[in-house]
Amino acid sequence: MAAKDSHTEFLAVAIDAAKKAGDVIRKGFYVTKHVEHKGQVDLVTETDKACEDLIFNHLKQHFPNHKFIGEETTAAYGVTELTDEATWIVDPLDGTTNFVHGFPFVCVSIGLTIEKVPVVGVVYNPIMDELFTGIHGKGAFLNGNPIKVSSQSELVKSLLCTEAGTKRDKPTVDATTNRINSLLFKVRSLRMCGSCALDLCGIACGRLDLFYELGFGGPWDVAGGAVIVKEAGGVIFDPSGKEFDITSQRVAASNPLLKDAFVEALRELE
């Protein structure tokens with residue numbers, strides 16, 4: 001395991017990379033987009049690809065011996081295995097659909113795992129100029145100010161966030177809407193913000209109380225946000241209540257006071 005002070009250096013370099021990519025996203029946000037379809041509703045733009053190259057080049061200059069997993073490279077070259085080595089896991093543009101529609105919930109997500117554990121996280125929304133950061137054991141921050149999860153302890157007063165996902169086959173859509181249906185009776189209201197990474201940051205800074213998503217893209221959606229949630233005093237776990245697995249495409253997060261009730265509510269839907 002690298003020394004703690006190197007984590008500070010890792011974070012500084014990741015912030016630089018996120019800001020560089022953020023500039024590209026900001027410029028692209030206000031112009032006509034050239035969009036490709038990965039699936040029926042899953043989109044990828046030139047900006048996604050350009051940002052991933054830019055981020056990896058920046059990180060590789062500083063850390064040539066580290067490993068790299070990115071959404072666009074993985075999409076192009078197949079699944080990349082997560083090992084114990086220091087690995088940068090990057091979503092160059094989370095919230096592509098938002099980006100295409102000019103809805104300002106888009107971000108760059110950069111996470112570093114060592115021995116498969118996320119230790120450094122950066123999530124940057126360049127449109128709203130919000131930079132979320134976290135280092136294992138050192139706290140979580142929004143634009144340099146410490147953040148913490150909400151202190152809400154009642155499900156019925158909680159704001160729940162989830163995502164519809166990108167699959168549109170009837171069984172998946174039915175399962176998704178049935179879950180939402182049941183949960184709406186137990187919480188105050190529901191949000192779908194369109195970016196898993198920013199949803200996790202919403203938990204971390206107390207804007208959201210509950211979040212879950214099943215079947216999202218991959219570890220790049222959660223690697224950065226996982227550190228930030230934990231460092232803000234939140235809990236991140238599998239929706240079944242089991243331990244969170246960064247490679248499982250299943251995630252739930254909340255403050256510690258709500259976890260048990262939330263898991264119970266989610267389990268009733270299985």
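In the predicted model described here, the lining of the largest cavity comprises, by class, four nonpolar and two charged residues, with no polar residue among them. The residues concerned are Arg179, Leu214, Pro239, Leu266, Leu269 and Glu270, and the space that they line has a volume of about 30 Å³. With 30 Å³ or more as the threshold, the count comes to one cavity.

Two of the residues that line this cavity, Arg179 and Leu214, also appear in the lining of the second largest pocket, where they belong, together with Thr172, Thr176 and Gly215, to the residues that lie nearest its centre. The second largest pocket holds about 210 Å³ of space and is lined by 14 residues. In contrast to the cavity lining, which has no polar residue, the lining of this pocket has six polar residues alongside four nonpolar and four charged ones. Helix 5, which spans residues 170-184, and strand 12 each supply at least two of the lining residues, and the largest share, amounting to four residues, comes from helix 5.

Strand 12 itself, formed by residues 210-214, is mostly covered, since four of its five residues are buried, that is, under 20% relative accessible area. In a sheet, strands pair through backbone hydrogen bonds, in either a parallel or an antiparallel sense. Strand 12 shows both arrangements, for it runs parallel to strand 10 (residues 159-161), to which two bridges join it, and it pairs in the antiparallel sense with strand 14 (residues 250-254) over five bridges. Leucine 210 can be followed into both pairings, as it stands opposite leucine 160 on the one hand and opposite serine 254 in strand 14 on the other.

A further element of the model is an open sheet of seven strands, arranged in the order 3-4-5-6-7-8-9 with mixed pairing. Strand 3 (67-70) and strand 9 stand at the edges of this sheet and have a single partner strand each, so that one side of each is left without a neighbour in the sheet. Within the sheet, strand 6 (residues 117-125) and strand 7 (residues 130-135) pair in the antiparallel sense over six bridges, and asparagine 125 stands opposite glutamate 130 in strand 7.

Glutamate 130 is also one of the residues touched by asparagine 143, which, when residues up to four places away in sequence are not counted, is in contact with Asp129, Glu130 and Leu131. Asparagine 143 lies in the loop between strand 8 (139-142) and strand 9 (145-146). With a relative accessibility of 43%, asparagine 143 counts as partly exposed, because this value falls between the limits of 20% for buried and 50% for exposed residues. Two polar contacts involve the side chain of asparagine 143: it reaches the backbone oxygen of aspartate 129 at 3.2 Å, and one of its polar atoms lies 2.8 Å from the backbone nitrogen of leucine 131. As for the relation of this loop residue to strand 3 (67-70) at the edge of the sheet, the C-alpha atoms of asparagine 143 and isoleucine 69, which are 74 residues apart along the chain, are separated by 26 Å.

Notes. Residues are numbered from 1 along each chain as its sequence is written. This is a predicted model: local features need pLDDT of at least 70, side-chain atom pairs count only at pLDDT 80 or more; totals for chains, interfaces and linings use all residues. Side-chain values use heavy atoms; hydrogens and water are left out. Buried means under 20% relative accessible area, exposed over 50%, partly exposed in between (1.4 Å probe, protein chains only). Two strands pair if DSSP finds at least two bridges between them. On a 1 Å grid over the protein atoms alone, a cavity is a set of points where a 1.4 Å probe fits but cannot get out, and a pocket is an open set with protein on both sides within 12 Å along at least five of seven lines; lining residues have an atom within 4 Å of a point. Grid points are joined across faces, edges and corners, and a volume is the space filled by probe spheres set on the points. Ala, Val, Leu, Ile, Met, Phe, Trp, Tyr, Cys and Pro count as nonpolar, Asp, Glu, Lys and Arg as charged, and the others, Gly among them, as polar. Contact means heavy atoms within 4.5 Å. A polar contact is a pair of N or O atoms within 3.5 Å; within protein, one must be able to donate a hydrogen and the other to accept it, and residues adjacent in sequence count only if both atoms are side-chain atoms.
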